[in-house]
Amino acid sequence: MSELTPMMRQYLEIKADHPDSILFFRLGDFYEMFLDDAVKASRILDITLTSRNKNSDGADVPLCGVPYHSANPYIAKLIEAGEKVAICEQVEDPKSVKGIVRREVVRVVTPGLVVDADCLSPKENNYILSFATSGEAWGVAYLDLSTGEFRLTELEGSSGACAEAACVSPREILVPAVFRENGSLASLSSVTGERIVTFVDDWVYDADYAGRVFRNQFGVESPDALGCEGFPAGVLAAAAVLHYLEETQKGKAAHVSTITPYKTREFLVLDETARRNLELTATMSEGKRRGSLLGLMDRTVTAMGGRKLKQWINYPLISLSHIKERQDAVEELLPAGLRGEIVGQLTGVYDLERLNGRISLASASAKDLVALRESLQRIPSLLDVLTSMSCALVRSLVDGIDPLTDLVDLIGRGIVENPPFSLRDGGIIADGYHAELDDLRSISREGKGYIARLEAKERERTGITSLKIRYNKVFGYYIEVTRANLAGIPSDYIRKQTLANAERYITPELKEYEEKVLGAEERITELEYALFQEMRVTVAAQSERIARTADRLATLDVLASLAELAHERGYNRPVVDEGDAIAITDGRHPVIEAMSLGERFVPNDVLLDGSENQLLMITGPNMAGKSTFMRQVALIVLMSQMGSFVPAGEARIGVVDRIFTRVGAADNLARGQSTFMVEMTEAAQILREATSRSLVVLDEIGRGTSTFDGVSIAWAVAEYLHDRPDHAARTLFATHYHELTELAVTRGRIKNFNIAVREWNDQIIFLRKIVPGGASHSYGIQVARLAGLPLTVIERAREILQNLEKGEFSAEGIPRIAGSRKNAAPKHSPQLSLFGGEGDRVVERLKELNLSVMTPLEALNVLDELKRMV
Ligand SMILES: Nc1ncnc2c1ncn2[C@@H]1O[C@H](COP(=O)(O)OP(=O)(O)OP(=O)(O)O)[C@@H](O)[C@H]1O
């Protein structure tokens with residue numbers, strides 16, 4: 001170290017505290033990166049790698065850098081690549097220090113803690129999630145720093161914690177360091193797999209320490225004051241987030257002003273499988289929002305509303321009163337006129353939650369403050385419209401919406417209409433806001449006028465009409481005279497610089513004014529920056545009020561979005577009650593119905609209940625619409641419990657505690673499980689956990705193995721679901737095994753249904769209508785033909801099917817399945833022969849006998865002969 005330059009020594013000392021971040025080391029107008037950081041960053045950012053003064057051992061020091069005023073896109077790119085960036089600033093004015101300036105890391109940007117708009121999608125939250133354990137309980141806490149939303153919960157076992165984490169879908173995960181050694185990390189692999197994992201020192205997970213960080217951040221006596229009693233593991237997980245926040249943000253996250261504990265059982269539980277299978281927020285094949293339920297439902301006009309709608313889909317309610325409150329609000333918002341006025345105001349509201357975050361973290365620009373003001377200015381007219389509404393939910397929203405007129409006024413007075421992006425070049429603060437600033441501005445303006453007058457005066461005095469007063473950074477103001485006019489130069493001009501065809505001069509008078517003007521300008525930019533920062537702090541102090549208002553506006557936006565959807569797509573209000581029935585008339589699949597597939601969507605009815613219609617066994621040809629039908633029932637239930645209207649003529653939903661699905665084949669090779677294994681694991685979970693309040697959707701259970709095994713498993717599963725009266729979950733069971741329709745004969749609560757098709761000239765026409773009774777055929781071959789399988793294959797399949805249906809053996813004892821009219825029968829195969837050797841002769845002898853002419857004695861003799869032969 002001693003042989004290094006002082007600056008390099010400072011660099012290495014700071015870097016030692018941030019080994020896993022790329023260190024942005026501020027040097028003048030640049031952030032420089034050195035050594036390994038430089039090599040890595042130059043590759044990711046595609047910028048030139050250079051080198052700098054050699055090390056003591058003669059090796060080059062790799063170096064690259066980015067301009068400080070345009071650093072954000074570079075930081076965004078590094079974060080996108082999964083890196084962390086530590087921003088190290090000069091914390092002293094270089095002009096006032098001799099030697100090296102002091103530098104400190106002021107902020108660490110990590111993927112889970114980004115707040116810069118460039119790195120975020122407006123309608124998606126960006127969460128950092130933390131796991132902790134306390135005894136048997138697993139705590140999960142997650143924070144979106146950009147909005148300040150912070151929640152915690154507690155679950156049994158790592159699988160529950162994983163399921164919750166998968167739903168949250170965080171960008172970064174905090175894990176106790178000890179998880180690496182005690183095997184817990186491996187049990188989280190399904191969520192940690194492709195995400196950035198940061199290990200936190202084990203001492204952080206301590207109840208006393210947690211109490212301390214809660215006190216610091218939230219100003220409460222203990223976590224219990226925020227309703228966190230009964231969540232010891234959740235509190236530890238949250239404390240780890242706060243600890244990490246302090247380390248990276250250096251105490252600037254005041255907008256993280258509270259935390260909300262919740263129990264997953266307070267919501268309709270959807271595990272990762274159900275969420276994926278039902279394509280709630282992303283499509284199964286491509287993971288896109290478009291084509292998912294969220295993509296269909298989202299009519300929100302603010303980013304905050306978009307994020308909240310996603311949460312409502314992920315956490316449908318089970319409280320009947322809360323569901324009804326939302327429904328009442330949607331109903332009241334149905335008339336297009338009222339809704340139009342509300343949406344019209346909301347459209348002008350920017351992302352208040354993220355503005356609030358940036359303001360608190362001192363990264364907001366003047367444009368952000370203007371956006372805040374413009375958004376808040378919408379509130380009075382919005383409240384005017386809302387006062388005419390009577391439903392309880394909107395009334396309570398109105399009570400929480402704060403027009404924040406103090407801030408509107410402050411920003412309106414203080415900041416110009418259209419400020420620049422940069423905070424360092426002035427032009428931000430409005431005239432009349434601050435007396436000293438106004439004075440400096442008039443000096444600067446007058447000074448400039450004086451220089452213009454001086455130019456005119458000097459032209460007149462010298463008679464040189466082309467004489468100009470100019471300005472550059474090196475010389476300040478100077479007088480420029482072209483070579484041809486040098487003869488007329490007065491003696492008091494002091495020559496400063498000679499150019500090819502001109503000379504540059506200064507005069508004492510010019511310099512005197514220059515000092516005044518430039519001094520004023522420098523002071524103006526400094527003062528404007530200070531005034532802006534002061535205002536940002538004043539606004540930040542109101543972050544709780546802003547957050548509360550933002551949350552209410554987001555809710556209003558979601559309600560209006562649900563109403564818009566109901567209006568546009570002709571949805572109706574479902575009745576959600578405590579009964580056990582799920583009765584839907586003319587139900588449609590919301591997403592498929594909305595895609596124009598060239599075929600009108602055929603509505604269907606369903607009745608599920610705890611008595612005679614507990615398990616519907618649904619058969620029908622491939623492609624008939626079995627999966628669509630079952631998913632539409634699940635989606636209608638879910639939408640009902642979100643408080644939404646539903647795509648059905650009528651719907652009565654006996655509230656559901658959990659939706660289970662086992663749909664289609666999903667390999668999980670990454671987790672080392674085969675398709676069949678995944679299928680059985682999911683089925684096992686359903687049988688273990690479904691209650692009589694649950695809705696179970698099973699699509700072709702058992703299809704991942706041989707037919708006999710598959711039928712047997714499917715049969716036993718259906719029986720089990722039926723036979724546990726206390727846990728008789730309402731079940732939709734689609735299968736291609738027609739044998740299963742026989743269960744309805746012996747099991748009172750199982751009913752058969754099939755999806756009707758009609759055959760016509762060897763073609764199959766899908767009627768898409770669900771009707772009582774079992775299906776007679778699979779029509780698999782017809783569907784295969786529709787799919788374009790070669791005709792010879794189709795013909796051959798048909799032949800084999802006929803043979804199978806006859807269920808006979810050939811003369812050789814070969815199953816007729818393989819027989820063919822065109823192809824010769826395969827050669828006699830010993831394994832397939834019934835008896836082999838002697839046995840064949842016994843068969844031949846038996847065939848020769850003519851029983852109608854034999855006497856009993858002859859028969860007895862032949863029997864004796866046959867007995868001896870074998
Ligand atoms: N009620 C309906 N009205 C109109 N079209 C429908 C309807 N139901 C399904 N479809 C169309 O039929 C297609 C096939 O439906 P689905 O996948 O549900 O069939 P399936 O019976 O589950 O088939 P398989 O047994 O092969 O899995 C859907 O993609 C959709 O385009």
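These questions and answers concern a predicted model.

Colleague: What is the order of the strands in the open sheet of four strands?
Modeller: The sheet is open and its pairing is mixed. From one strand to the next, the twist averages 15 degrees. The strand order is β18-β22-β19-β20.

Colleague: Which strands stand at the edges of that sheet?
Modeller: An edge strand here has a single partner strand, so one side of it is left without a neighbour in the sheet. That applies to residues 575-577 and to residues 604-608. The two edge strands are β18 and β20.

Colleague: Which residue in β22 does Ala-583 stand opposite?
Modeller: Strand β19 covers residues 582-587, and strand β22 covers residues 650-654. They pair in the antiparallel sense over four bridges. Opposite Ala-583 in β22 is Arg-652.

Colleague: At about what angle to β19 does helix α24 run?
Modeller: Helix α24 spans residues 626-642. The helix lies across β18, β19, β20 and β22. Its direction relative to β19 is about 110 degrees.

Colleague: Is α14 roughly parallel or antiparallel to α17?
Modeller: Helix α14 is formed by residues 336-347 and helix α17 by residues 379-386. Their axes come within 9 Å and cross at roughly 160 degrees. Angles over 145 degrees count as roughly antiparallel. Therefore α14 is, relative to α17, roughly antiparallel.

Colleague: How many nonpolar residues are in the contact of α14 with α17?
Modeller: The crossing of α14 past α17 is left-handed. From α14, Leu-338, Glu-341, Ile-342 and Gln-345 meet Ser-381, Leu-382 and Val-385 of α17. By class, two residues of this contact are polar and one is charged, while the nonpolar residues number four.

Colleague: Which residue in β4 stands opposite Phe-34?
Modeller: Strand β2 takes in residues 30-34, and strand β4 takes in residues 61-67. Five bridges join them in the antiparallel sense. The residue of β4 opposite Phe-34 is Leu-63.

Colleague: What is the bridge partner of Ser-51 in β4?
Modeller: Strand β3, residues 50-52, also pairs with β4 in the antiparallel sense, over three bridges. Ser-51 has its bridge partner in β4, and that partner is Pro-62.

Colleague: How far apart are the end C-alpha atoms of residues 694-710?
Modeller: An unreviewed UniProt entry places the feature "domain: DNA mismatch repair proteins mutS family" at these residues. Over this stretch the chain is 24% helix and 29% strand. The distance between the end C-alpha atoms is 24 Å.

Key
Residues numbered from 1 in each chain as written. Predicted model: local features only at pLDDT ≥ 70, side-chain atom pairs only at ≥ 80, totals over all residues. UniProt positions renumbered as here; feature names shortened; annotations may be inferred. Pairing = 2+ DSSP bridges. Axes fitted to C-alpha atoms, helices over the stretch in contact; angles between N-to-C directions. Contact = placed C-beta atoms within 7 Å. Parallel < 35°, antiparallel > 145°, perpendicular 65-115°, else oblique. Left-handed = near helix turned anticlockwise from the far one by under 90°. Nonpolar A, V, L, I, M, F, W, Y, C, P; charged D, E, K, R; others polar.
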